[in-house]
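Q: Please take a close look at one loop of this model and describe its backbone and burial. Then follow the chain outward from there, in one connected account.

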Amino acid sequence: MNKYQKPGELYAGLRLHQNENSSGCSPKVLDALATITREQMGFYPPYDAATRACADYLGVDPDHLSLVNGLDEGIMATAIGYLRPSADGFIPEAVIPEPAFEIFAFDTEVVGGTPVRVAPNRDFSFPLDRVLAAITPRTRVVFLTNPNNPTGTAMPLDAIRAVSHAVPDGAIVFVDEAYAEFSGTTFLPELATFRNVIVGRTFSKAFGLAGIRIGAIAGHPDTLEPLRLAIPVYSVNIAAVVAVQASLADLAYVESYVREVEQSKALLYAACDRLGLGYTPSAANFVLVHAGDRLAQVLHAVSKRGIYLRDRSTEPGCAGMFRVSAGVVAHTQQFIAALEEALCDAR
Ligand SMILES: Cc1ncc(COP(=O)(O)O)c(C=O)c1O
């Protein structure tokens, strides 16, 4: 168990704390998994067909893409590839606009690099000037997330272009697009022009495959090479290889889930308005709710009703805030009912 796994984390209760797809994957994935043969289980997995399917979906050349055991592995490979101190005492820096996915700073520190955290704007719009000001000759990675977790805010693609121009030679911009299916915006078509940018994608969110661990990193082969060297040779297993192909053959499932997420977000915004809670409008499948001094009461009461939320209140700019997944409408309604009860109890 590592620092981010919680003891006794259960499937019981309603999991609205990790931005998962709470309806699960396409049923066609389970059908495909049932076809795996004993021989397939006995052999190291072949990646060609799954890599081609992913590359087709993302619109990149298969040479410009590697499958990873979840995007977390792609982030760790980025840290290993670009952020290790060198023998002559050079300590690389990773610029991280906050609040951010905590694994960026965690992995940076694990490999001996220095996280350089950039404070957020009050409205969580992208702090381009401060990000540019944080770049130094020691910068080797700028971690960007679009749309961002935990705020759900999207950044203009122009900001990514500006950061790509600003980093020193030998540095990269890692654009984490874990939630891009929900925003519909991607930097992928620009990778041919911006050779120092790597885009990370995951099948854990819109595709509902978090349990099987599969993601992808895309970029120019020279830029990807340090990551490829850091990824264990057969880190993606045969079940994930089969599952991702079955998922990509059923994009209608994902499209319908993305529409459901939109409905859930509309319900959440309306509930917040009704209950006098603030929120940050989200381009992802979760909402950052501003509960202010009612935060502890909400978290306690909702968890008593078996619903998990993510307290983000200790992160920069997030005092009094929690994050809730927006997915299956029935689950959102269950959460809203619990929230209403919690706030009535508080009166
Ligand atoms: C921004 C971001 N990147 C990466 C990940 C991890 O993705 P995966 O499940 O593919 O490792 C998450 C998961 O919450 C995330 O929020």
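A: From one loop outward

In this predicted model, Phe124 sits in the loop between strand E4 (114–118) and helix H6 (128–134). Its phi is near 65°, a positive value in a residue other than glycine. Phe124 has a relative accessible area of 6% and is therefore buried, since the cut-off is under 20%.

A second residue invites comparison. Arg213 also has a positive phi, about 65°, although it is not a glycine. Arg213 belongs to the loop between strand E7 (197–202) and strand E8 (215–218). With a relative accessible area of 26%, Arg213 counts as partly exposed, whereas Phe124 at 6% is buried.

Two further loops carry cis peptide bonds. One joins Glu98 and Pro99, with omega at about -5°, and Pro99 is in the loop between E3 and helix H5 (103–110). The other joins Asn146 and Pro147, where omega is again about -5°; Pro147 is in the loop between E5 and H7.

These loops lead to the strands beside them. Strand E5 (residues 139–145) is mostly covered, with 7 of its 7 residues buried. Strand E3 (residues 93–97) runs parallel to E5, and 3 bridges join the two; within this pairing Val95 stands opposite Val142 in E5. E5 also pairs with E6 in the parallel sense, over 5 bridges. Phe143 stands opposite Phe174 in E6. Between E5 and E6 the chain passes through helix H7 (residues 157–166), and this β-α-β crossover is right-handed. Phe143 and Phe174 also belong to one aromatic cluster, together with Phe101 and Phe104.

Within H7 lies Ala162, which is partly exposed at a relative accessible area of 24%. From Ala162 to Ala249 the separation is 87 residues in sequence and 36 Å in space, C-alpha to C-alpha.

Next come the aromatic contacts. The structure holds 12 aromatic pairs. One of them, Tyr179 with Phe286, is edge-to-face, at 5.0 Å centre to centre and 80° between the planes. This pair links distant parts of the chain: Tyr179 is in the loop between strand E6 (172–176) and helix H8 (180–183), and Phe286 is in strand E10 (residues 286–290), 107 residues apart. Both Tyr179 and Phe286 are buried. Phe322 and Phe335 make another edge-to-face pair, at 6.2 Å centre to centre and 70° between the planes. Phe322 belongs to strand E13 (residues 321–325) and Phe335 to helix H13 (residues 329–346), so this pair ties together parts that are 13 residues apart in sequence. Phe322 and Phe335 are both buried.

Phe286 has other neighbours. Arg323 lies over the face of the Phe286 ring, 5.7 Å from the ring centre. Phe286 also stands opposite Ser325 in E13, in a pairing where 5 bridges join E10 to E13 and the strands run antiparallel. E10 and E13 are part of an open sheet of 4 strands, in the order E9-E10-E13-E12, with antiparallel pairing. Strand E9 (278–280) and strand E12 (310–311) are at the edges, each with a single partner strand, so one side of each has no neighbour in the sheet.

Earlier in the chain than E9 is helix H11 (residues 251–275). H11 has 25 residues and reaches 36 Å from its first C-alpha to its last, close to the 36 Å expected at 1.5 Å a residue. Its buried residues include Tyr253, Tyr257, Val261, Ser264, Leu268, Cys272 and Leu275. An α-helix has 3.6 residues a turn, so residues three or four places apart point the same way. Just after H11, Gly276 takes a positive phi of about 75°.

Cys272 of H11 raises the matter of disulfides. The structure holds 0 disulfides. Cys272 is in none, and the nearest cysteine sulfur, that of Cys344, is 14 Å away. A disulfide needs the sulfur atoms within 2.5 Å. Cys344 is likewise in no disulfide, with the sulfur of Cys272 the nearest, at 14 Å. Cys272 is buried, at a relative accessible area of 2%, while Cys344, at 44% relative accessibility, is partly exposed.

Note on methods: Residues are numbered from 1 along each chain as its sequence is written. This is a predicted model: local features need pLDDT of at least 70, side-chain atom pairs count only at pLDDT 80 or more; totals for chains, interfaces and linings use all residues. Side-chain values use heavy atoms; hydrogens and water are left out. The expected span of a helix is 1.5 Å times one less than its number of residues. Buried means under 20% relative accessible area, exposed over 50%, partly exposed in between (1.4 Å probe, protein chains only). Rings of Phe, Tyr and Trp (its six-membered ring) pair if their centres lie within 6.5 Å; planes under 30 degrees apart count as stacked, over 60 as edge-to-face and the rest as tilted. A charge sits over a ring if NZ of Lys or CZ of Arg is within 6 Å of the ring centre and within 35 degrees of the ring normal. Two strands pair if DSSP finds at least two bridges between them. A crossover is right-handed if, with the strands pointing away from the viewer, the path from the first strand over the helix to the second runs clockwise.
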